[in-house]
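User: I'd like to go through this structure with you, one question at a time. Could you reason each answer out for me?

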Amino acid sequence: MEADGDIKTTPKGFHCTLCNVNLPNEPSLDQHVKGRKHKTLSTVRATRKAQEEHSVFVSGIKPEISETDVVEYFQQFGEVSDVIMDKDKGVYAIVQFSETDSVQATLSRVEHLMKGLKLRIKSREKKEFKLIPKKKNDFQNLQQALDRLKPQLCQLASVDAQMHFILERFQLGENEKKARGLLVQLLQEVFVEFFPESQILQFGSSVNTFGIHSCDLDLFLDLENTKVFQARAKSTTEQAGEGMSDDGRSEDSILSDIDISTASPAEVLELVAAILRRCVPSVHKVHVVSSARLPVVKFHHRELNLQGDITLNNRLAVRNTRFLQLCSGMEERLRPLVYTIRYWARQKQLAGNPSGAGPLLNNYALTLLIIFFLQNCEPPVLPTVDQLKHMACEEEECVIEGWNCTFPSQPIAVPPSKNKQDLCTLLAGFFSFYAKFDFASSVISVREGRALPITDFLVHNKEEQAMEEEEPTKRPHQGPKLGPLNLLDPFELSHNVAGNLNERSHRSFQRECQDAEKYCRSLQYQRKSTKGKSWGLVRLFTPHGEAAQTKTEQLSISIPFKSASLPEGLRNQLHMAGDGFRWLWFQKVCSAVEGVFQNVLRCHLTPSTDAVFGEVSAEGMATASASLNTSLNDSFDSVESQIEASPQGTAVLGAKRPLSSGSDASVSPQGKKPRLAKRGKPELPHWICALKHVVWAGRRKVRRELSKDADTRPEGSCVDLESQVTAHIIEKEPELKEPLEVKVQAQMVGGTESTKAVLLFEPTSDQAGVFQDFFHFLEAFLPKMVETLLEKDVGSA
């Protein structure tokens, strides 16, 4: 196949030159070649190659030559499918034909004369297709950026002054705002010719008072008035029979023959892209992203070096911008706080997704997290959205797409905050707030200013999904997409603005908050150095070096709590468990893990005698839950610290720990045995797992032999099939000379972490040296198999 030329064999496996990725083995290679990225790039490469073969480059034209003139001349050689004109200087064009024979006919003519101009024709340059990797904020670039700020920051007298300096340094200047305004005005003049009475509205960072020098220009093309205009014009022409061209189309605008009310959003966006390419000077790199949550046309303005986005049907985003403008207008401390935390997040590589897509926090989500923290200060710095709704007058009532978006239009309508904390204290408070925040069991609501229990959304989501399947047209608002960090939009309550985050990004955010909280308690943060050393924000902004980011190898497998993928029956059980849902879920996972080892992989399993595996009563569950919620975070912080490079198992913050809330027992000092007996806390489960056969070797081949449709059934998706695979391997393959024995310790991380079960593996007997292979197999197989068993267990129940 064509992909063969893109794949190179390396000492460590394979390398795909098209996608610039390394692959360790053939299964990974096969999955990559069939994957979305490789297929998309292959299609793009084939399209560009076809365009090059069907095109010629034309020079010697002048600005007064129109696209129509070019098409009319070159049609004598064959059908012209597209013409790309030089918008800036108008001295060249690229003509694309439908057939390659037309290219040869054009090149074979010795002389080309068009309207008195002698044209120079040559084949279009054939460029090698190469994927340009996205630029990353590597350590060196981040450190260099901080080095440029360091001298000025260190000279300032306080952290408050440093935060104001960050604001002044990065905010949009007046000249930049004027340049953006002129571009918007130009776009307005162009689009109104194609879409009569349309409006271009700015939203996002450019106008929400939180813009930085390099922020995108977000635009909303409002076509509602255009629809009204077209309907009125159509009615008038039908009645009077005037203003019609020869083909019966209205001549009120250039493209008035396109009915906006019936055209699909994709068709309108393609038209918008065509207008940008052909009619707006200095605009290039125009493309439509139809796969986004809200389809968008992206473009780049060469002279301003500005990236722009144009969307349709995005009134909620415009309203969100007005909300942020109101917040910054009624609280002057918000802007320096937002600019400081955004820069900190960028330096720590927690925010800043390339091209708007990725697993990191976006600026809007980060700003909402700051607003939510300020709503929960004592006394509050900002009111909730519900409180703002009651402060608005009747004229300010606003409902968009069924969502109540009402709030005052002017900051003067909102009473000033009674909170008088300075910026230094608020910044430290932000880190402390989210260092301890229970993301796993919470859905953050800026509208209500409180954390909603996630159990309310588990059953809610399933009910909405069922109703949508039955009556898809009668269910406009779905539940939010749940993930590691759940942050509801203030108005569109079905949208989780942090839904793009993965487990790693969420853990990194909370870990960095914990590190920052520890630093903010030190004198290096609070007081200026008398010796000229780095202090205050400088040390807070210091990026991690490569050495700091490397983690000591820890043989552990994490099974995260994924609420969105849980079976309906288990969702209902967790909902009924209330605050004890973590303990119940952990029990289910432990039982599933035991089932994988014992029934699927045919291991001889010796469970711990003092651990709880079976069902517990409601009272016992509540007791266990309270015990786990208060103590597991203390006991199992060592799990995270072991994984994240603390060989001694010390806590990450290294600071004095407060007494656990709701508990009369203090945290035991390091090195002393915790007082578990008095609290009645159940021992956590562990197993001694013994294997006599290499049951992980050759499973794919055996599975294919046992099932004809194995290619359509991913590994770990069928319990019975996997058990048969194991039985076949045991029957055919010889036993190990000495059984492999592994201790498996199950621990739960919850409370202030995203809930997950962590399985620690320690070989106790490995004479054959096969433990590493066994563990590598389990990394992918065990989480998938546990998920399958959970579904089967709930289904059978």
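User: Is cysteine 520 buried or exposed?
Analyst: Happy to start there, keeping in mind that this is a predicted model. Cysteine 520 has a relative accessible area of 5%. Buried means under 20%, so cysteine 520 counts as buried.

User: Which cysteine has the sulfur nearest to that of cysteine 520, and how far away is it?
Analyst: The structure holds zero disulfides, and cysteine 520 is accordingly in none. A disulfide needs two cysteine sulfur atoms within 2.5 Å. The nearest cysteine sulfur to cysteine 520 belongs to cysteine 424, at 7.3 Å.

User: And cysteine 718, is that one buried or exposed?
Analyst: Its relative accessibility is 16%. With the limit for buried set at under 20%, cysteine 718 is buried.

User: Cys424 came up just now; at what angle do helix α6 and helix α14 cross?
Analyst: Helix α6 covers residues 159-170 and helix α14 residues 423-435, and their axes come within 7 Å. The axes cross at roughly 80°, which means α6 is roughly perpendicular to α14.

User: Which residues of α14 make that contact with α6?
Analyst: From the α6 side come Val159, Asp160, Met163 and His164. The residues of this contact divide into five nonpolar, one polar and one charged. On the α14 side, the contact is made by Leu423, Cys424 and Leu427.

User: How far apart are the axes of α6 and helix α11?
Analyst: Helix α11, residues 334-347, packs against α6 at an angle of about 80°. That makes α6 roughly perpendicular to α11. Met163, His164, Ile166, Leu167 and Phe170 of α6 take part in the contact, and the axes are 8 Å apart.

User: Which helix gives the largest share of the largest nonpolar core?
Analyst: This core has 78 residues, and those with the most contacts inside it are Trp344, Leu374, Tyr434, Leu487 and Phe509. Tyrosine 434 touches Leu369, Phe372 and Phe373, among others. The largest share, nine residues, comes from residues 363-375, helix α12.

User: How many residues are in the other core that lies apart from it?
Analyst: Its members include Leu482, Leu566, Val695 and Leu740. The number of residues in this other core is 57.

User: Finally, what separates the C-alpha atoms of lysine 127 and lysine 49?
Analyst: Lysine 127 is in the loop between β8 (117-123) and α5 (139-155). Lysine 127 is exposed, with a relative accessible area of 59%. Lysine 49 is 78 residues away along the chain, and the two C-alpha atoms are separated by 8.7 Å.

Terms used. Residues are numbered from 1 along each chain as its sequence is written. This is a predicted model: local features need pLDDT of at least 70, side-chain atom pairs count only at pLDDT 80 or more; totals for chains, interfaces and linings use all residues. Side-chain values use heavy atoms; hydrogens and water are left out. Axes are lines fitted to C-alpha atoms, for helices over the stretch in contact, and angles run from 0 to 180 degrees between N-to-C directions. Helices (H or I, at least four residues) and strands (E, at least two) are DSSP runs, numbered from the N terminus. Angles under 35 degrees count as roughly parallel, over 145 as roughly antiparallel, 65 to 115 as roughly perpendicular and the rest as oblique. Contact means heavy atoms within 4.5 Å. Ala, Val, Leu, Ile, Met, Phe, Trp, Tyr, Cys and Pro count as nonpolar, Asp, Glu, Lys and Arg as charged, and the others, Gly among them, as polar. Buried means under 20% relative accessible area, exposed over 50%, partly exposed in between (1.4 Å probe, protein chains only). A nonpolar core is a set of buried Ala, Val, Leu, Ile, Met, Phe, Trp, Tyr and Cys residues joined through side-chain atoms within 4.5 Å. Lists of a residue's contacts leave out its neighbours within four places in sequence.
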